[in-house]
Amino acid sequence: MARSSFRTKLVLVAGVSVAAGLLLSGGAAYVGIQRLGADAAEETQRGLRYASTEYLDKHIDNVAQHLSIELDRAEAELATFAAIQQQIIDHQEELQPVLDAAAKAPMLKDNLVFDPKGQWSQTGDAEPTTVTAWGYLHEPPEAEGEARAIREDVAQAIDDTALMDLLMPAIGRHGSRKLQIYYVGPKERAFARFFPAVPLAQTLDEKDPGHNGEVFWDHFFPSLVEGWTSWVGHKERFEDLARQITFLSPYDDAAGGGPIITLFQPLWSADRTRFAGALGFDLTLTGIIDYVEEVKLFESGFAFLAQDNGNVFAISERGSRTLGLSTTSSEGGGVSRYDQFLGKSSEAAIRDLKLPEGEAAESREIVLGGHNYVLELKRLAPFNVWGGTDEITEARWVVGFVVPEEEIYAALAAAQTAVNQSSREVLVYQVAITLVTLAALMLWLIIVSRRLTSSLVALSKGAGEIAQKNYDVTVPVETEDEIGALGQVFNQMVGEIREHTENLEGLVKQRTSQLEDANAEILALNERLKEENLRMGAELDVARRLQMMVLPATSELEAVRELDIAGFMRPADEVGGDYYDVLQGSRALKLGIGDVTGHGLESGVLMLMVQTAVRTLLASDELDPRRFLAIINRVICDNIARTSIDRTLTLSLLDYKDGVLTLAGQHEEVVVVRAGGEVERIDTMDLGLPIGIEREISDFIDLKEIRLAVGDVVVLYTDGITEAENDAGEHYEIDRLCGAVQRARGLGADEIRDALVADVMAHIGRHKILDDITTVILKRVA
């Protein structure tokens, strides 16, 4: 009865314990996977948000800078042209003989022909510029049907601008993308001189009937002149006339030039009290619009360009639909405008959108059509703008990026799906394993418990005898399984107890003596290890300090002319085996980068040998790159043999002079990122042999010249970067290095280095750094 009760308890306890353990372990695994997935999703979302914000901030800054450069270039060209003409006006009395002579020169003489139908006069197509005098600038006809003469004061004003036939073609053919250049006189003499030569009057007769009956300024740009003349008397407005450049809102050219924007620079009398006409550029917006529409943002993101009143004038059709914009046309001042106002969008988030007021880019999250988007906004530099009234105000264009949030977090969604699927599979497998295991275990326990019971009872009785201090007891061993082995061990233990009981005092003294001797040896060994650790730590610290001290200082890098240089080295151990140096020789700049096999103290010592040899040989004015590298190799070979250091290294040496890098020696590829973004990879395998293998390598050394233009970037590195591993065992690889430098090429060398190192560290993550990480960035700046 007792044995049956014991057997039942054994089966129940073992079965319940195993079942509980399996269920708990399965539940813990499932909960762990869920928690890990949630933590990973949160961290991934935070990282993706930060990375996307950084990317959008930098990208929108680049786009805004590109657009500002386009406008600044046009403003500078107009300001230069206007400064020349203003000088002529300011000194017209003393320059009048020159102006009269120029007007009579055959190549500059303006031959205007009266058109009886249009009632205007205009030069022919063969002349450098088109001069048009409208009907109101003519004398009344002497007889009906006769040609009308241009008023004498207007004719003189036309002659005074004859020199523009030389200036306008030169300015128009170079620089910004100008559709037209023109000069329009003051209201009382508002003739026009256009380049390139076009049938201006005929085109306007066709596209804008009635223009000839109204003063040019009042018809095409009403109140603009009044806006300029309101500045008279304001000293600050005339301290720099270039600040008077005025933009018009984008519009469709009446002469068929497509979407354009006009820039005007008013001219003034010598005493700055009277308006003396204006010079203008018509800039085609096609290039700017195409550039904005072609901006690539993730899979389906897009860019747009808007005025500060919310009128979007550059956006793709898909972007316009996404923002819910509608296009309306308006007429005013003789020009046609096409309006797409954010405030009239069908999307509430766009209608209520407040454009930024500060200088920095702003990022916002909005909902469009039921989907989440990230909106990035950035203002361009301010400029004067005429809005159709006599008030000229300051305005700023705004460039915007719109990116679907789901594209930014696409990787996160895929990861969450995978985690959920894995969680379900783990749960199913765990339940199946638990049920199968429990059934098999219960069957096995029922079978085995019968054999266990009899032997266990014998062991129990024997234990009772020992409790009564009867050490002569023995347990019969009837089987050769684990229970039988337990019986044998029990009998052996009883014998040892009996023996130890009889000899206990002597054994205690003997063991105590042994323990004291062992303790003394352990203490002595600990003291020796402590001293050795301190000595080795001090030696490593000295070697590491020496290694870091010989690296080029920031002041040395900043003293290099023509190149912006930045370096970085992080040893994997306390002493690294990577080498780089930048040394200014008497005739050229010497740069070196190498990688000693292995790392630790011996690698660091060999690196210091190389640095010392390079610096010494450079000081001796050795100029031949082949001989320079061959001597370095011989010195290192001798030192390796003398010190029995089992190390070699790859080493490339570069000489820079007058925009040319001369490369010698075998190392990793040299990466060149040109100013325009093109990437070149120079293989160094055929330029030499590893240093320290053979004493004489002169026949194996070859040279490679790399010509650098301003803005070109050169990247030197060791394999600690390209072979850096993440937790998945994936290498960083050379292609990712090229991409990181290509994106940052517009920055300084320090910023490019920081961007590359940050990208490598992001790839490594929490994984151990297995090799030294070293890079040198060179950028030609002059």
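**Secondary structure and the chain as a whole**

I began by counting elements, and the chain of this predicted model holds 21 helices and 28 strands. I then looked up burial, and buried residues make up 43% of the 782 residues in the chain. For the surface I noted that the chain exposes about 40400 Å², of which carbon and sulfur atoms supply 54%. I also asked how contacts are spread along the sequence: among those in the chain with a separation of 6 or more, 65% are accounted for by residues 24 or more positions apart.

**The largest pocket**

I turned next to the open spaces, where the largest pocket contains about 1600 Å³. Of the 40 residues that line this pocket, I wrote down those closest to its centre, which are Ala51, Tyr55, Lys58, Arg743 and Asp759. Which elements each supply at least two residues of the lining of the largest pocket? I found α1 (2-90), α12 (405-408), α13 (410-467), α20 and α21, and I noted that α1 gives the most, with 12 residues. Sorting the lining of the largest pocket by class, I recorded 18 nonpolar, 12 polar and 10 charged residues.

**Helix α20**

Since α20 is among the elements that supply the pocket lining, I looked at its buried residues as well. In this helix, which covers residues 734-744, I listed Ile734, Leu737, Cys738, Gly739, Ala740, Val741 and Ala744 as buried. I kept in mind that an α-helix has 3.6 residues a turn, so residues three or four places apart point the same way. Against which elements do the buried residues of α20 pack? I traced them to three strands, β24 (670-673), β25 (679-682) and β27 (713-717), and to two helices, α19 (719-722) and α21 (749-764).

**Enclosed cavities**

I then searched for closed spaces, and the structure holds 2 cavities of 30 Å³ or more. I followed up the second largest cavity, which has about 30 Å³ of space and is lined by Lys590, Pro625, Leu629, Leu653, Asp655, Thr662 and Ala664. The elements that give two or more residues to this lining are α18 (625-643), β22 (649-657) and β23 (660-664). By class, I entered 4 nonpolar, 1 polar and 2 charged residues for the lining of the second largest cavity.

**The loop between α17 and α18**

I went on to the loop between α17 (601-619) and α18, where glutamate 622 lies. Is glutamate 622 buried or exposed? I classed glutamate 622 as buried because its relative accessible area is 15%, under the 20% cut-off. The side chain of glutamate 622 makes a polar contact with the side chain of arginine 627, at 3.1 Å. Leaving aside neighbours within four places in sequence, I found glutamate 622 in contact with Leu617, Arg627, Phe628 and Ile631.

Aspartate 621 lies in this loop between α17 and α18 too, and I marked its phi, near 60 degrees, as a positive value in a residue other than glycine. I classed aspartate 621 as partly exposed because its relative accessible area is 44%, which falls between the 20% and 50% cut-offs.

**Asparagine 212**

I placed asparagine 212 in the loop between α5 (200-207) and α6 (216-220), and I recorded it as buried, with a relative accessible area of 14%. Which backbone oxygen does the side chain of asparagine 212 reach at 2.8 Å? I found that of glycine 118, and the side chain of asparagine 212 also reaches the backbone oxygen of glutamine 119, at 3.3 Å. Beyond its neighbours within four places in sequence, asparagine 212 is in contact with Gly118, Gln119, Trp120, Trp134, Gly135 and Tyr136.

**Backbone geometry in two further loops**

I finally looked up two more backbone entries, bearing in mind that most residues other than glycine have a negative phi, and most peptide bonds are trans. The peptide bond from phenylalanine 195 to proline 196 is cis, with omega near 0 degrees, and I located proline 196 in the loop between β5 (192-195) and α5. Serine 223, which I placed in the loop between α6 and α7 (224-229), has a positive phi, near 75 degrees, in a residue other than glycine. I noted serine 223 as partly exposed, with a relative accessible area of 26%.

Methods: Residues numbered from 1 in each chain as written. Predicted model: local features only at pLDDT ≥ 70, side-chain atom pairs only at ≥ 80, totals over all residues. Heavy atoms only, no water. Helix = DSSP H or I, 4+ residues; strand = E, 2+ residues; numbered from the N terminus. Buried < 20%, exposed > 50% of the residue type's maximum accessible area, 1.4 Å probe, protein only. Polar contact = N/O pair within 3.5 Å; in protein donor to acceptor, adjacent residues only side chain to side chain. Contact = heavy atoms within 4.5 Å. 1 Å grid on protein atoms, 1.4 Å probe; cavity = no way out; pocket = protein on both sides within 12 Å on 5 of 7 lines; lining within 4 Å. Points joined across faces, edges and corners; volume = space filled by probe spheres on them. Nonpolar A, V, L, I, M, F, W, Y, C, P; charged D, E, K, R; others polar. Areas by Shrake-Rupley, 256 points an atom, 1.4 Å probe, with all protein chains shown as cover.
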